[in-house]
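User: I'm new to this one and keep tripping over the labels. Could you walk me through why things are called what they are called?

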Amino acid sequence: MNLGKIISFLNLKPLTETYQDRDVKSAYVSDLLSDVMANAKPGEVWITLQVHVNIVAVATLKNIPAIIITNNREPDEETIKKASLEGVAIFKTNLSTFEAAGRLYKLLTE
Amino acid sequence: MKLSETLEGSFSLIGGDFSRGGAASCELKSILEKLHLPDNIIQRATISAFEAEMNVIIHAIAGTMLYSVTPERIRIVVTDMGPGIPDIELAMQEGYSTAPEWVKEMGWGAGMGLPNMKKNADVFNIDSVVGEGTTVELIIYIPKERSCAP
């Protein structure tokens, strides 16, 4: 499914200006950065409540195109700046991680 | 860019500088991408480099990351001026971490760093002296290109 469709379906708020409307097949959910490095697959969307700048480096290294920040958490300004520079899209949602992951799972598997 | 001889370089790492956490590894990734190495080789090299880089930032005062790439392998050596590891066997256990609480809140310090390095590198060597520092050597072998010619 296109990232654009996911954004509108989950009503995600974009925090970076642009995103690549690429095909997304799966997502990974974790707040442990080493776990994401070890187990997320390239191309997956990452759902987390971490907001500091290191999430962008993790996404860049793992070829993760988009990060969804849950619970309406506000990322640091530095995070947004770095993400725009590296071409990683960041979105936020007021959904909890459970709800965001659940809705996305349903969307991607139906 | 095509690799015919050894390509070398280094990055300096500053302990506690989380704002640049991953910067060296991300730069290494773009260097490896320019060499058109296989994706999974780049992934394994940069994941293990990133974990080594973060260990310096979390635990040490400063460090360096040296890399050298030949057609056969990627070698990364990360050396730090840090507290050293008293019990390497214990530190290698998944889940064991000495990172402070605030670092754990950032999602680091899960005790996965050294095991991740070992998992992703073909050769993993660690040498540490308490009160002096730690050196990690990572080697990832590059598979020979398969020729399509008969």
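Analyst: Here is a walk through the labels, one question at a time. This is a predicted model, where local features need pLDDT of at least 70, side-chain atom pairs count only at pLDDT 80 or more, and totals for chains, interfaces and linings use all residues. Residues are numbered from 1 along each chain as its sequence is written, while chains are lettered from A and ligands numbered from 1 in the order in which they are written.

User: Thanks. How do you know that the span of helix 2 of chain B agrees with its number of residues?

Analyst: A helix here is a DSSP run of H or I with at least four residues, a strand is a run of E with at least two, and both are numbered from the N terminus. The expected span is 1.5 Å times one less than the number of residues. Helix 2 of chain B has 21 residues (39-59), so 30 Å is expected, and its end C-alpha atoms are 30 Å apart, which agrees.

User: What makes that helix 2 of chain B "mostly covered"?

Analyst: The count of buried residues does: 18 of its 21. Buried means 20 or more other C-beta atoms within 10 Å of the residue's own, exposed means 12 or fewer, partly exposed is in between, and the C-beta atoms are placed from the backbone.

User: And what makes a nonpolar core?

Analyst: It's a set of buried Ala, Val, Leu, Ile, Met, Phe, Trp, Tyr and Cys residues joined through C-beta atoms within 7 Å. The largest one has 65 residues, and A:Trp46, A:Ile67 and A:Ile68 touch the most other members. Helix 2 of chain B supplies the largest share of this core, 10 residues.

User: Which residues does A:Ile67 touch?

Analyst: Contact means C-beta atoms, placed from the backbone, that lie within 7 Å. Skipping residues up to four places away in sequence, A:Ile67 touches A:Trp46, A:Thr48, A:Ile55, A:Ala59, A:Val88 and A:Ile90.

User: How many residues does each chain give to the contact between them?

Analyst: Chain A gives 16 residues and chain B gives 18 residues. On the side of chain A that touches chain B, the elements giving two or more residues are helix 2 (33-39) and helix 3 (54-61) of chain A.

User: Why are strand 1 and strand 2 of chain A called edge strands?

Analyst: Two strands pair if DSSP finds at least two bridges between them. Chain A has an open sheet of five strands in the order 1-5-4-3-2, with mixed pairing. Strand 1 (13-14) and strand 2 (27-29) of chain A each pair on one side only, so they are the edges by the pairing rule. Strand 1 of chain A is joined to strand 5 (residues 89-92) of chain A by two bridges, running antiparallel. That count meets the cut-off, so the two strands pair. A:Pro14 has A:Phe91 in strand 5 of chain A as its bridge partner.

User: How is the sheet of chain B ordered?

Analyst: Its five strands form an open sheet in the order 1-2-3-5-4, and the pairing is antiparallel. The edges are strand 1 (7-14) and strand 4 (123-129) of chain B, since each pairs on one side only under the two-bridge rule. Strand 1 and strand 2 of chain B pair over eight bridges, with B:Ser12 opposite B:Thr64. Another eight bridges join strand 2 to strand 3 of chain B, and a hairpin links that pair through three residues. Strand 3 (residues 73-81) and strand 5 (residues 133-141) of chain B pair over seven bridges, with B:Arg73 opposite B:Tyr141.

User: What makes the side chains along strand 2 of chain B alternate?

Analyst: In strand 2 (residues 62-69) of chain B, B:Gly63, B:Met65, B:Tyr67 and B:Val69 point to one face and are buried. B:Ala62, B:Thr64, B:Leu66 and B:Ser68 point to the other face and are not buried.

User: Why is A:Asn63 called partly exposed, but B:His36 exposed?

Analyst: A:Asn63 has 16 C-beta neighbours inside 10 Å, which falls between the cut-offs, so partly exposed fits. B:His36 has 11 other C-beta atoms within 10 Å, so it counts as exposed. Most residues other than glycine have a negative phi. A:Asn63, in the loop between helix 3 and strand 4 of chain A, has a positive phi of about 55 degrees. B:His36 sits in the loop between helix 1 (23-34) and helix 2 of chain B, and its phi is also positive, near 55 degrees.

Key:
Contact = placed C-beta atoms within 7 Å.
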